[in-house]
Amino acid sequence: MIKNAEKNILLINQARVRALEDLQKILSEKKVLQAEINVLEMRLAETDARIEVADQEKTRVELLEGQLEKLHSELAQKGSDAELHDIQTGVLSDANDTISSLTVELNSIREENASLKNEIESFKTQLNDVKNNDERLVVLEKERLFLESALKDLESKLSISPEAVSELSTLKVECKYLSDKVENLQLLLDKATKQADQAVIVLQQNQDLQREVDKLEATLEEANIYKLSSDKLQKDNELMQQKIKLLENSLEKSDEDINSYVQLYQQSVNEFQDTLNILQKGSKKKTLDEPVEDMPWEFWSQLLLLIDGWALEKKISVDDAKLLREKVWKKDKSISDIYLACKGQNEDEAISSFLGLTSSATSPGLHVIHIAAEMAPVAKVGGLGDVVCGLSKALQKKGHLVEIVLPKYDCMQYDRIGDIRALDVVIESYFDGQLFKNKIWVGTVEGLPVYFIEPHHPDKFFWRGDFYGERDDFRRFSYFSRVALEFLLQAGKKPDIIHCHDWQTAFIAPLYWDVYVPKGLNSARICFTCHNFEYQGTAPASELESCGLDSHHLNRPDRMQDNSAHNRVNSVKGGVVYSNIVTTVSPTYAQEVRTAEGGKGLQSTLSTHSKKFIGVLNGIDTDIWNPATDPFLDVQYNANDLQGKSENKEALRRKLGLSSEDVKRPLVGCITRLVPQKGVHLIRHAIYLTLELGGQFVLLGSSPVPHIQREFEGIANHFKNHDHIRLILKYDESLSHTIYAASDMFIIPSIFEPCGLTQMISMRYGAVPIVRKTGGLNDSVFDIDDDTIPSQFQNGFTFLNADEKGINGALVRAINLYQNDPESWKQLVQKDMNIDFSWDSSAAQYEELYLKSVTRGRATKRA
Ligand code: ADP
């Protein structure tokens, strides 16, 4: 602070000196100007005097001129006598002299007068200047006054050190005095610092003490709390006592109830016994279904008591108890088996086993409804269509009631739908704040009942000539999901399972729980299958509102919010979060998507929901994909008759204009969507490599990606008339069958592959797969040279790295075996054709998942 004061004084002093200098300057300027003004005023007075003299002279000249005039006229009157003439001449010459001298004088005066006038003018201007100077002087004076007042102000500010302000001249002295003071203060400060250091030590000691005090206080507080809590405990105890009393009362009551139930039960048993006796005596025809005669009565009684106990404890419903009791009465073998099997199980497991019995007792199977965007063969873009059809057929074969709900696309294969007709009903469904009408069509596809929904919405959602790839796909499929559930509600359906697929119908899961359960459609468990995590269906959160979902409620990290864009919602994430069962299409892919690389942003969501998430390997529809019955083939064939396969190869070569010269030349097939996932650069490389290795290559594929489509069009064009290469860039179902049948090998170099069906189809048709080890390919193709795999499972060629070197190794090995060991090749082909890739085992896994979930759902409802 003292240093700051010194600094301020120095600054003020400097300002003061500057102000004084300015004032001095102004005063000296003022003096100079004043002197100038004085001189000018004197000269002005002089000039005024001279002007006065000049004026007097002028009057005198005018007087003389008057006299001269007068003399001239008198002279003219008196005539011309000599004397007069002389006088006249004398006077005249005098007068003339006088006149001329006067004229000269007058002229000089006039000149002088004129110069004086000029001088006066210039003086006047000077005077004006002087006046201006005066004004400047006034300004300067004002400035001086201002400076003086500023100075005074500064001086007054200096009053913190009053001695310094009183006299500027003494400022220095005071400064010195101040610095002395500063020094003193410094000394004092040093002293104070030392004292402060000591104080700090004391403070620390104090703080230690304070801590001790705090500790003591805390202990005190604890003691208080303890005291309080013991008070509370006391109160709680009292409450508990009351509660225990209440419980005891209700226990007593329930004991009474139980007793009355037991009595009732005893009565029933007695009645039953009586009836049984009567029945046994009365009629041999009325024997019981599959009675288990060898079990003593005690066994059945224990069983009945067990069931009734669960019913009373509300662990099973009244209806389920009734069904189980009936089974006991009938001495049904299934219930005695379950009872015996349950020994040693915990109660929950036992209940769930018994309930499995009631679900099969109430209906022959489950009621499963698939809601999807695709179904082969009527609306198929890729594997999803195959799965919906294949799984549904397999479940149907297992005795379940399976129905499918699809959009009614304009571009469907209507010739593959049996008995299609529109129902005489209109379903009104909510969208964008209003109700829209929808027509419902029914028909059979591959023997399955299918409902086709035709929206009467101005946007003509499914009237676009294509299945996907529309700008408003999010709206199209959220609309469809909503109307599909509305249809189930209005049709009064009570499915056990609603199975939705991929992002297009993943909306079903949140719509079901948030909108339709409250409306009464509440019988189902939701199963969601993601066939490819690459496609997740995201959109700005607000777009969810259109189908009636609450975007504020759902746009949260633990709900539908996209994991990488927080203002967007993610349909697949909604499916994962809101479904009871979540599956993907192979066990390896289920592992891959749990990683950052495979999960495409959803890995954390899948980890959170890992308990309900499982990979089930797809199967193929072995009715459709059967070379022994395939109507698209020129010649049907089977594993024991491979001649037919050669004939199909020959037929395709002819059809595509490929050379048939060398029968032994292997034909490599590839049928795929041409998208980056499928390893398009490796497919391109395989075309050239096959040619190099002496093979033929046929590609059937189309691409939604323009630059890939263009690139392959270029290659197709290049090999247009080639003997050994053909690229057909379109979707062609019947051609695909003939390519599977004609191919010796089938190449699938995918970067990732959730399941992949083409490797299974190709094996079924005797085309040996060459695949990259990823996803479902890794679960279904096992290398013939991999010693870690039992030989009975070895069925193809695999490679790990997604590069040319990787694919080279596998393709070279395959062509070598084909060309150099035909017998081994034949055996491999036959082995592949005999592998069971049907849906049977995969459908059984789904069946188990469904059943477990349904049982769990029932148990939850009861609880
Ligand atoms: P994805 O579902 O990723 O397309 P999948 O291997 O699971 O791959 O399923 C592909 C299905 O689509 C197979 O049934 C295959 O025969 C068929 N497919 C792919 N491309 C074509 C095409 N251009 N023409 C006919 N069928 C095709």
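**Exercise 1. The ligand site**

Which polar side-chain atom lies 2.8 Å from an oxygen atom of the ligand? Then describe the shell around the ligand.

*Solution.*

Step 1. Note the ground rules. This is a predicted model, in which local features need pLDDT of at least 70 and side-chain atom pairs count only at pLDDT 80 or more, while totals for chains, interfaces and linings use all residues. Residues are numbered from 1 along each chain as its sequence is written, and side-chain values use heavy atoms, with hydrogens and water left out.

Step 2. Find the atom. It belongs to Lys380. The pair fits the definition of a polar contact: N or O atoms within 3.5 Å; within protein, one must be able to donate a hydrogen and the other to accept it, and residues adjacent in sequence count only if both atoms are side-chain atoms.

Step 3. Turn to the backbone. A backbone N or O atom of Lys730 is 2.9 Å from a ligand nitrogen atom. For Asp732, a polar backbone atom sits 3.0 Å from a nitrogen atom of the ligand.

Step 4. Check the cover. The ligand alone exposes 560 Å², and the protein buries 93% of that. Such areas come from the Shrake-Rupley method with a 1.4 Å probe; for residues, only the protein chains shown count as cover.

Step 5. List the shell. It holds 19 residues; the closest are Lys380, Gly383, Arg673, Lys678 and Tyr740. A residue is near the ligand if one of its heavy atoms lies within 4 Å of it. The shell divides into 6 nonpolar, 7 polar and 6 charged residues. Strand 12 gives the most, with 3 residues.

**Exercise 2. Helix 21**

How many of the residues of helix 21 are buried, and what covers them?

*Solution.*

Step 1. Place the helix. Helix 21 (733-742) is one of the elements that give two or more residues to the ligand shell. Helices (H or I, at least four residues) and strands (E, at least two) are DSSP runs, numbered from the N terminus.

Step 2. Count. In helix 21, 9 of 10 residues are buried, among them Glu733, His737 and Tyr740. Buried means under 20% relative accessible area, exposed over 50%, partly exposed in between (1.4 Å probe, protein chains only).

Step 3. Name the cover. It includes helix 18 (643-656), strand 14 (725-728) and strand 15 (745-748).

**Exercise 3. Strand 2 and the core**

Is Glu403 buried or exposed? Find its side-chain partner, then look at Val405.

*Solution.*

Step 1. Glu403 lies in strand 2 (residues 401-407). With a relative accessible area of 7%, Glu403 counts as buried.

Step 2. The side chains of Glu403 and Lys493 make a polar contact of 2.9 Å. Glu403 also touches residues including His367, Ile369 and Tyr451. Contact means heavy atoms within 4.5 Å.

Step 3. Val405 touches Ile369, Tyr451, Phe480 and Leu488, among others. Val405 is also among the residues with the most contacts inside the largest nonpolar core, which has 167 residues. A nonpolar core is a set of buried Ala, Val, Leu, Ile, Met, Phe, Trp, Tyr and Cys residues joined through side-chain atoms within 4.5 Å.

Step 4. Helix 10 (residues 473-490) supplies the largest share of this core, 9 residues. A second, separate core of 20 residues includes Trp310 and Ile335.

How values were computed. Ala, Val, Leu, Ile, Met, Phe, Trp, Tyr, Cys and Pro count as nonpolar, Asp, Glu, Lys and Arg as charged, and the others, Gly among them, as polar. Lists of a residue's contacts leave out its neighbours within four places in sequence.
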